[in-house]
Amino acid sequence: MALIDLSKKEIHCKIVYYGPGRCGKTTNLLTVHSTMADNARGKMLTIETKGDRTLFFDLLPLNLGTIRGFNIRIQLYTVPGQVMYAATRKLVLKGVDGLVFVADPLQVRRERNIESLEDLRVNLLDYGLKLEELPLVIQYNKRDLVDTPIPTLTVAELDADLNSVFNVKTFEASAVTGMGVFETLREISKQTVRYVTNKHLLHVTK
Amino acid sequence: MTDKAPDRDFHDEIDDAIDNLFSPRMGSDLGKPAETPSLQPVAQAAADPAPVTTAPVPGSLLSVDGTDAFAPFDEALLSLDWEISPGNIEKARSALKEIQGFFEVDKAVALTEIFALMDRLLEVMAIAPQSVSTSAPKTLQEGLQTLRVAAGADDLSLVEKTLIDPTLSELRSAIPNIPKDYSKLGQTAQPKTQGVSGIEQKTEAAAVTPVQSVPTEEDVLPELPVVAPSGTSAAVLIETVNGHIAVLGKCIAKRIVPIENLFAKTPGYEKLHAIHTELRERMERQKQNLIKALGVDYQADAPLPLEPAAGQSEKSAVSTAAACPWQNVALASWGGKKVGFLPEQIVYQKKPAERVRKCGSFLPMKKLKRGLFGKISFVVQGELSFRDEATLNMLTIPVANPSGAKEYTPRADSPLLILFKENSGMAFWLDEPTEQFDTSTGCRWEPVADPTTLVAGNLTVNGEIVPVITMRGM
């Protein structure tokens, strides 16, 4: 859930990068982290458990600056994509304000994309959230592979698989090169901040 | 998500701020896909290992049909990163072996340690996935990148310091609890001796072990004694191993399988379920290994080794047959045969009203009500007595049929017994009421390993075999 501290005039929004394992969620965050100015980003965190299997998510706070006295911060998270980390994925989704679904264009991962989107929908329902009501953009990552012999899905096929129901904005990207990463982030950031301020009836007067 | 008019300017300001923050980062510099890194500046590639990109495949590493020899392993890693399963791990290990086969002999020898460590990491992922970092697939991916670069390099010594050594270090650190017995992995998997360079070690390894295949799982399993004992010691050993097999079977059936089933149907416990599945499979493999080693000496009905209780002499332990897992069993005649039930699972045991006898193969619990305003919870006990009345009203229990015929009609005076555990139950029309039996008075217990049957095991009471029926396998 977004944190709105009226006394400190701070708004924190939580955006989660979701998708199947190895689709490039963390690479998206690494690209953002390495490209942003130091004063606009925080420390990139990797959370690990002790003793048991290492579980992780990445947290990258971005500072939008002060707008009408409100300090707006965006926190970016990723989740482990592997099937066996269902519990962790669900935990990271708690309080989510906006979502980027990162799709893997490899043909061999087609079913995994669909499964992951369904996994996202189900996990949100457990928190009483509907995917269609949350800010969502879909990123078709690894587009740099299109020109290689590796079999990939076309945008039309990805649209048919993942966006026929939601009809949200999609972005072609290549997280390893940076292409499309900030376009995706810009769109979801706008949608999320609007969603948070509207949801919490934050009326700001000049 | 529509904007409210008073907030329009505020949102515009936010949009502007976001544009200002991110727009400078969008553009041609980042928008163009990076060129695939060349193999020539190897040192540069090694110094900047992330992001991992796909290096071109040298001609020698192309299969006969022109496909990339690394592709199957790459694909296997993708599957592995999605799900660490025995199938995916096996697929990756096979693909890794294939890659090794594609290398020229001298390079394969020099890279044997990388192959062995990658295979070991995969093996550890199979044996104890909970102990492996989630970054393990990425480490394997980096290992693969190193192999790609090494395949295209003219001289491996040029990339040893910058690429091979860091990869070996990464792989070693990714493997938790490097095997207690290094010899099982072959000489090449041993850590470097101080003062000996990697090249020297590889040369030694090449001299000792020519192109060595990656160790299989059997290689790291405990080896059974090669020298067979004879006479009395052989008989004792055979009896001990048979007893150990029986204990393993009991542990699997009574401890592991129920917990595994419980985790399987409990949301959020996927990881523990996977761990228990792996544990069960390992125990079953151990059991099969022991059975295989015993050969004709294996006794499927071997008694469990008797464990004397604390403070008891071994002699007294033998007489009390402590191996039976329950102190008391309710014995009864069912379909003309003597059977046992667990008292704690019995939720109903009475002679019910006539209408209950006509229920057929399924017994609606509401038929057990006494009178118009009676409640089911008043007539049941144990676990069911805690359920709310609405749930009990909806509950229907299957009726076990001792004869196997389609229709079974109980006698007019047959008592009804209902077993219930967790969400499973079964009703039995008995020939006579149950009698409590104290298993410590002397009996033999033989567990049944099959988790799909209701019979947990057989008690031998005064020479008569009495199957003990429980709800454990439902």
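Residues 307-322 of chain B keep a pLDDT under 50 throughout, and the model has 14 contacts beyond four places in sequence for this stretch. Bear in mind here that the model is predicted. A second stretch of chain B, residues 28-57, likewise stays under 50 in pLDDT; for these residues the model has 39 contacts beyond four places in sequence. Taken as a whole, chain B averages a pLDDT of 70, with 68% of its residues scoring at least 70.

Let's turn to a pair of helices in chain B. Helix 8 covers residues 136-152 and helix 9 covers residues 156-174. Their axes come within 10 Å and cross at roughly 165°. Because that angle is over 145 degrees, helix 8 of chain B is roughly antiparallel to helix 9 of chain B. The crossing of these two helices is left-handed. On the helix 8 side, the contact is made by Thr139(B), Glu142(B), Gly143(B), Thr146(B), Val149(B) and Ala150(B). Helix 9 brings Leu156(B), Leu163(B), Ile164(B), Thr167(B), Glu170(B), Leu171(B) and Ala174(B). Sorted by character, the residues of this contact are seven nonpolar, four polar and two charged.

Now hop over to chain A and look for Thr152(A), which sits in the loop between strand 7 (136-140) and helix 4 (155-163). Thr152(A) has a relative accessible area of 16%, so it counts as buried, the cut-off being under 20%. Which residues is Thr152(A) in contact with, leaving aside its neighbours within four places in sequence? They are Pro105(A), Leu106(A), Gln107(A), Leu145(A), Val146(A) and Glu157(A).

Definitions and conventions
Residues numbered from 1 in each chain as written. Chains lettered and ligands numbered in written order. Predicted model: local features only at pLDDT ≥ 70, side-chain atom pairs only at ≥ 80, totals over all residues. Heavy atoms only, no water. pLDDT = per-residue confidence, 0-100. Contact = heavy atoms within 4.5 Å. Helix = DSSP H or I, 4+ residues; strand = E, 2+ residues; numbered from the N terminus. Buried < 20%, exposed > 50% of the residue type's maximum accessible area, 1.4 Å probe, protein only. Axes fitted to C-alpha atoms, helices over the stretch in contact; angles between N-to-C directions. Parallel < 35°, antiparallel > 145°, perpendicular 65-115°, else oblique. Left-handed = near helix turned anticlockwise from the far one by under 90°. Nonpolar A, V, L, I, M, F, W, Y, C, P; charged D, E, K, R; others polar.
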